[in-house]
Amino acid sequence: MITTSAPTKIILTGEHAVVYGKPGIALPINLPTTVNIVPNTLQKMRMYSNITLKEKDYTTLHSFIQIIQDSIPKKSAEHFFDITIHTTAPQKMGFGTSASVAVALTKALYAAHNTTIHESTLLALALKLEQITHGTPSGIDHTTITCNTPILFQKDPDLHWTPLPELLDNSLFNQCFLLLTGCSEESTKEMVAQVRAQYEKAATDTQVIFDAIEYQTTAMQTSLTTDNESGFHTCINTVGMLLEDLHVVSPEVMTLSQDIRKNHGACKISGSGGKKGPGSGVLFVHHPDKAVINCIAKKYTLEYIPLIA
């Protein structure tokens with residue numbers, strides 16, 4: 001049996017703005033996807049998962065497998081496998097699970113054919129698979145997950161990214177939590193399309209938001225590299241309110257965010273968001289007192305995960 005894994009990710013800043021050439025910062029997190037592959041003699045692929053897969057999901061996965069296997073220059077005699085996908089991150093909450101599946105599955109199939117895959121090939125294939133799922137993704141998910149390190153990312157128009165390994169051990173992250181507000185009813189593709197429609201309707205106002213997010217991305221990187229807790233806290237709140245202005249946060253999550261801020265916390269959605277409600281995915285929260293976050297989570301009957309386990 002062959003086993004591979006890939007992390008998931010959260011976005012610190014840059015949601016939606018990265019699609020329009022602005023920089024973003026993302027972190028890999030230890031909520032991995034694992035893929036197990038065993039050859040079978042049935043002349044067909046069989047797939048299993050710990051999450052419910054609809055018919056369109058099976059169709060997408062079969063497309064993934066075909067694309068990956070077509071890219072392998074020299075295949076082994078065994079072309080058919082039992083494939084088991086196990087994800088530990090919640091679905092449709094902004095953790096980049098589709099990119100995590102794409103990366104882990106690609107690594108597993110290459111290993112099954114005794115073929116080494118280089119990072120550049122893995123990045124290119126993962127992007128192609130993400131395009132099937134999301135249409136025109138920014139690339140921040142699959143890049144962070146493939147490289148498994150914090151990155152400063154920009155697409156202008158080509159993909160450019162800079163590793164930020166120094167962020168891995170940042171003490172400020174010990175005061176951060178991932179509050180699970182509930183699955184977004186919209187897909188990432190739908191949310192990206194919604195923002196695009198808003199941009200086409202009100203380009204000037206939307207560009208102001210993107211420019212402000214860009215400024216906060218630079219400020220956040222500075223705050224993290226200098227261990228400036230106050231600056232980091234302010235950046236989180238500012239980006240959170242900018243994303244609310246972009247109309248990618250549900251009214252229920254906006255109310256929750258206001259409660260966190262009234263209790264001296266900072267928060268923002270991480271990922272594409274969702275406004276049909278009630279959930280908008282994962283809410284990134286900074287607060288020095290875990291007890292306060294625990295009380296808020298209980299008040300709203302929500303689960304939360306420490307960013308650093």
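The following dialogue concerns helix packing and salt bridges in a predicted model.

Trainee: Is helix 2 parallel, perpendicular or oblique to helix 3?

Mentor: Helix 2 (residues 97-112) and helix 3 (residues 119-134) pack with their axes 9 Å apart, at an angle of about 135°. Roughly perpendicular covers 65 to 115 degrees, and roughly antiparallel begins over 145. The angle of about 135° therefore makes helix 2, relative to helix 3, oblique.

Trainee: Which class of residue, nonpolar, polar or charged, has 8 members in the contact of helix 2 with helix 3?

Mentor: Residues of helix 2, including A99, A102 and V103, meet residues of helix 3, among them L122, L125 and L129. By class, this contact has 2 charged and 5 polar residues, and the class with 8 is nonpolar.

Trainee: Which residue forms a salt bridge with D141, and is that partner buried or exposed?

Mentor: The closest N and O atoms of D141 and K9 are 3.3 Å apart, and a salt bridge requires a distance within 4 Å. D141 lies in helix 4 and K9 in strand 1, 132 residues apart. K9 has a relative accessibility of 1%, and buried means under 20%. The partner is therefore K9, and its state is buried.

Trainee: Which residues are linked with K22 in a network of salt bridges?

Mentor: K22 forms a salt bridge with E214, the closest N and O atoms being 2.9 Å apart. This pair joins helix 6, which holds E214, to the loop between strand 1 and strand 2, which holds K22. The network that includes K22 links it with D211 and E214.

Technical notes: Residues are numbered from 1 along each chain as its sequence is written. This is a predicted model: local features need pLDDT of at least 70, side-chain atom pairs count only at pLDDT 80 or more; totals for chains, interfaces and linings use all residues. Side-chain values use heavy atoms; hydrogens and water are left out. Axes are lines fitted to C-alpha atoms, for helices over the stretch in contact, and angles run from 0 to 180 degrees between N-to-C directions. Helices (H or I, at least four residues) and strands (E, at least two) are DSSP runs, numbered from the N terminus. Angles under 35 degrees count as roughly parallel, over 145 as roughly antiparallel, 65 to 115 as roughly perpendicular and the rest as oblique. Contact means heavy atoms within 4.5 Å. Ala, Val, Leu, Ile, Met, Phe, Trp, Tyr, Cys and Pro count as nonpolar, Asp, Glu, Lys and Arg as charged, and the others, Gly among them, as polar. A salt bridge is a side-chain nitrogen of Lys or Arg within 4 Å of a carboxyl oxygen of Asp or Glu. Buried means under 20% relative accessible area, exposed over 50%, partly exposed in between (1.4 Å probe, protein chains only).
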